[in-house]
Amino acid sequence: MTTKVEHAIEVEHLTKRYGNLVAVSDISFNVMQGEVFAFLGPNGAGKTTTVEIADTISKPTSGKVRILGMDVTKGKRDIVPRIGVLPQGFSSFDRITVRETMQYYSRLFRRRNADIDGLLDLVNLNDKAKEQYMKLSGGLKQRLGIAIALVNDPEIVFLDEPTTGLDPRARREVWEVLLGLKKKGTTVFLTTHYIEEAELLADTVAIISKGKIIAMDSPVQLIERNADYLVLTMQSVDERAFEVLVKMGFDLDRNNRKNINVRVERAEDIRKILNSMKDAGASLPGIDVRRPSLEQVFLKLTGEALEDTYEGKGAE
């Protein structure tokens, strides 16, 4: 009989060192049952190190990690059957089919009665059941990896950079699968360096940089708390509009589509800008006003930008 706990994951003052390198430095956080928790940060920030400790692969240098109430350094035998893991850079056997792959892993995890059809349906792979692994696109391989991580009906799923290396279309296909897990109430620990991914999927986002958690909250609260200003975007502006804004003393961000983003501290400044544009006879085809994105919050808190790059591996 298993005990129901409020926190699926509890981390207290976790530190991990490799010689003189401090990969994770005194971090603490909790993951609630049924939530999607995202670690957001660049490569080398300490995300994978934390996951490897939480899923019992690695041991902490100091601090405590409990999974479903059990200490990861003492309860590995009881923890492993109750978690699922999609490691970074997941791969499988080239020449066996999707269904055979699922059958293999179900036997490996001693789940001979696993609902393979149900899992393939969850990740939208039933029509690829007879396809060899080697013939799948990058996105389909990742979706199969998620199905494998779920084959033992885990209470917690660890997904380490599940969409790295995928093109935008394949990435979004994987997001649909993860949104399905969220709807089911599965506890998901997600690591990512894609801001849009964290903002779309996560109930809680922890921003991690250089082994330390810089901020943690819901995406909405992170933005509300750390970005007390508005961004005015003016589309397809002419040089006269640009000159007006410079004279008014605003900080400008101009992109190659002739759009200008203006940081506005007060809503009344927007009216002043528009009136000045009108008085100067500047061309202003379109405007948009919104709060800053999580990307701007990340940049403010860490002083570094996240590269949203991918290796084009082809979509389905």
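In the predicted model, four strands form an open sheet in the order 2-1-4-5, and their pairing is antiparallel. The edges of this sheet are occupied by strand 2 and strand 5 (70–71), each with a single partner strand, so one side of each is left without a neighbour in the sheet. Strand 1 (residues 7–18) is joined to strand 2 by 8 bridges, and the two run antiparallel. Within this pairing, Tyr-18 of strand 1 faces Leu-21 of strand 2. The two strands constitute a hairpin with 2 residues between them, and Gly-19 in the turn adopts a positive phi of about 65 degrees. Strand 1 is also paired with strand 4 (residues 62–67), again in the antiparallel sense, over 5 bridges. Two opposed positions illustrate this second pairing: Val-11 stands opposite Val-65 of strand 4, and Glu-12 stands opposite Lys-64 of strand 4.

A further open sheet comprises 6 strands in the order 6-7-8-3-9-10, with mixed pairing. Its edge strands are strand 6 (83–86) and strand 10 (212–217), each of which pairs on one side only. On average, neighbouring strands of this sheet are turned by 15 degrees against each other when direction is ignored. Strand 3 (residues 36–40) and strand 9 (residues 204–209) are paired in the parallel sense over 4 bridges. In this parallel pairing, Phe-37 is positioned opposite Thr-204 of strand 9.

Aromatic contacts were also examined. Such contacts are described by the distance of the ring centres and the angle of the planes. The structure contains 11 aromatic pairs. One of them is formed by Phe-29 and Phe-189, whose ring centres lie 6.0 Å apart with the planes at 45 degrees, so the pair is tilted. Phe-29 belongs to strand 2 (residues 21–32) and Phe-189 to strand 8 (residues 187–192), so the pair ties together parts that are 160 residues apart in sequence. Strand 2 is a member of the sheet with the order 2-1-4-5, while strand 8 is a member of the sheet with the order 6-7-8-3-9-10.

Helix packing was considered next. The axes of helix 5 (residues 138–149) and helix 6 (residues 168–184) approach within 8 Å and cross at roughly 20 degrees. This angle makes helix 5 roughly parallel to helix 6. The crossing of the two helices is right-handed. Helix 5 contributes Gly-139, Gln-142, Arg-143 and Ile-146 to the contact, and helix 6 contributes Ala-170, Glu-173, Val-174, Val-177, Leu-178 and Leu-181. By residue class, this contact divides into 6 nonpolar, 2 polar and 2 charged residues. Helix 5 additionally lies across strand 6 and strand 7 (156–160), running at about 160 degrees to strand 6.

A second helix pair is formed by helix 8 (residues 219–226) and helix 11 (residues 294–302), whose axes come within 9 Å and cross at roughly 55 degrees. At this angle, helix 8 is oblique to helix 11. The crossing of helix 8 and helix 11 is left-handed. In the contact, Pro-219, Leu-222, Ile-223 and Asn-226 of helix 8 meet Leu-294, Val-297, Lys-300 and Leu-301 of helix 11. The residues of this contact are divided into 6 nonpolar, 1 polar and 1 charged.

Further strand pairing involves strand 11 (residues 230–235), which is joined to strand 13 (residues 260–264) by 5 bridges in an antiparallel arrangement. Met-234 of strand 11 stands opposite Ile-260 of strand 13. Strand 11 is likewise joined by 5 bridges to strand 14 (residues 286–290), and these two strands also run antiparallel. In this pairing, Thr-233 has Asp-288 of strand 14 as its bridge partner.

Conventions. Residues numbered from 1 in each chain as written. Predicted model: local features only at pLDDT ≥ 70, side-chain atom pairs only at ≥ 80, totals over all residues. Heavy atoms only, no water. Axes fitted to C-alpha atoms, helices over the stretch in contact; angles between N-to-C directions. Parallel < 35°, antiparallel > 145°, perpendicular 65-115°, else oblique. Left-handed = near helix turned anticlockwise from the far one by under 90°. Contact = heavy atoms within 4.5 Å. Nonpolar A, V, L, I, M, F, W, Y, C, P; charged D, E, K, R; others polar. Pairing = 2+ DSSP bridges. Phe/Tyr/Trp six-rings, centres within 6.5 Å; stacked < 30°, edge-to-face > 60°.
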